[in-house]
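Trainee: I'm new to this one. Could you take me on a close look at a single part, the aromatic ring pairs and what surrounds them?

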Amino acid sequence: MFVRWLLPMLWALSAEADFFRFDSISNVSTYYFNYIYCNIWEGECQPNQDDATQQVPTRDLWAGFPQDYISLLHQWYCSMGQCCESGDCRITNNITGLARDLQTKLHGQHLAQSVVLKAIQGFINNPESNKPLTLSFHGWSGTGKNFVARIIADNLYRDGVKSECVRLFIAPFHFPHARLVDTYKGQLREAIRDMVLRCPQTLFIFDEAEKLHPGLIDAIKPYMDHYDNVDGVSYRTAIFLFLSNIGGATINDVALDFWHSGQNREDIGMEDLEHRLRSETMESHGGFAQSELMSGHLIDFFVPFLPLEYRHVKLCARDAYAARGLETDEATLDEVAKAMLYVPKEERLFSAQGCKSIPQRINFFLP
């Protein structure tokens, strides 16, 4: 593979030697050395876009190469995470795909569908935002909080949650010991700063946020505040997602009240939940509620995830079968849905586990 690239490069240099100026060749060589050092060896450097040696070589410089080789080089170059003609190759910002996935893959969550799409779209379309976007997802386990976080990553980044522009933190896993909170503070600040320097638009996901130590959240609070920069680094294009079970009971109570009154769950509006959700979050126990993130009103949107009903569980089961390339029928979907635990016991209305265990459950119904 290396020879495939080396031979045409040498041919072009010999055939078109009079085209190149030595200072241009020097700039190109320096640029690629800096790129390899920063991104392959992960050296400590900050590319300076005002420096000619740090800029992407222009297409005019390569006019002496055959077009086929230019295209191949362009594809290889972009695959390594550098800038494409449309911008950073790692960032796709596919708002159309985000809207489609939220509509077709997320079931029973009309509020989350609407709020998340409007928030992400508005933020992406406003390059002059005066602060990072901070969203807080609330609801029972299995209602779709992690699923929506993955949908966002899949549509904003070429490599989804595996992108070097996306970082997932799970509170009990990454920060398990309260006595080490001072160490975690430094590590977390460094991790966020490093990612923001390496990627012009970053996504940070904090799962089980209610278990974060308050001092840990306060340590990164400046990154989510209304600052032009923090120690010379701007965080205004970053997105922060906090996922927690806080407010799940309140959300379920509202959904149950609507059901008892004969109203459709689709008639539940943000006005029915947002104030109560914000209040319960402020009054709850744990570091997330006690942090300056709450008292400083830095969360842009509280996103409620409603409890899922029997019909939504069936849709999740249908998707799980389809993901494995398997066909199924209504009777089988009913069997899967009936095997789930529902609450309240007397009404069997809401799935206690949401759709979380569906992929494992269907194993028991395979032939």
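Mentor: Sure, and let's begin with confidence: pLDDT is the predictor's confidence in each residue, from 0 to 100. The chain averages a pLDDT of 81, and 75% of the residues score at least 70. Over residues 7–63, though, pLDDT stays under 50.

Some ground rules before we zoom in. This is a predicted model, where local features need pLDDT of at least 70, side-chain atom pairs count only at pLDDT 80 or more, and totals for chains, interfaces and linings use all residues. Residues are numbered from 1 along each chain as its sequence is written, and side-chain values use heavy atoms, with hydrogens and water left out.

Now the rings. A pair of aromatic rings is described by the distance of the centres and the angle of the planes. Here, rings of Phe, Tyr and Trp (its six-membered ring) pair if their centres lie within 6.5 Å; planes under 30 degrees apart count as stacked, over 60 as edge-to-face and the rest as tilted. By that rule there are 8 aromatic pairs. Take F206 and F242: their ring centres are 5.0 Å apart and the planes sit at 15°, so this pair is stacked. It links distant parts of the chain, with F206 in strand β5 (residues 203–207) and F242 in strand β6 (residues 239–244), 36 residues apart. Strands here are DSSP runs of E with at least two residues, helices are runs of H or I with at least four, and both are numbered from the N terminus.

Are these two rings buried or exposed? Buried means under 20% relative accessible area, exposed over 50%, and partly exposed in between (1.4 Å probe, protein chains only). F206 has 1% relative accessibility, so it counts as buried, and F242 is buried at 1% as well. Both also belong to a cluster that ring pairs build from F169, F175, Y184, F206 and F242.

Another stacked pair is Y223 with Y235, whose ring centres are 4.3 Å apart with planes at 20°. Y223 and Y235 each lie in the loop between α9 (214–220) and β6, so the pair ties together parts that are 12 residues apart in sequence. Y223 and Y235 are both buried.

Those two tyrosines turn up again at a cavity. On a 1 Å grid over the protein atoms alone, a cavity is a set of points where a 1.4 Å probe fits but cannot get out, and lining residues have an atom within 4 Å of a point. Grid points are joined across faces, edges and corners, and a volume is the space filled by probe spheres set on the points. The model has 1 cavity of 30 Å³ or more, and the largest cavity holds about 40 Å³ of space. Its lining includes Y223, Y235, P132, P222 and R236.

One more residue in that loop between α9 and β6 is D231. It has a positive phi, near 55°, in a residue other than glycine. Most residues other than glycine have a negative phi. D231 is exposed, with a relative accessible area of 71%.

Finally, back to F242, this time from the side of T134. T134 is in strand β3 (residues 133–138) and is buried, with a relative accessible area of 0%. Leaving aside neighbours within four places in sequence, T134 is in contact (heavy atoms within 4.5 Å) with residues including F242, F240 and M224.

Technical notes:
1 Å grid on protein atoms, 1.4 Å probe; cavity = no way out; pocket = protein on both sides within 12 Å on 5 of 7 lines; lining within 4 Å.
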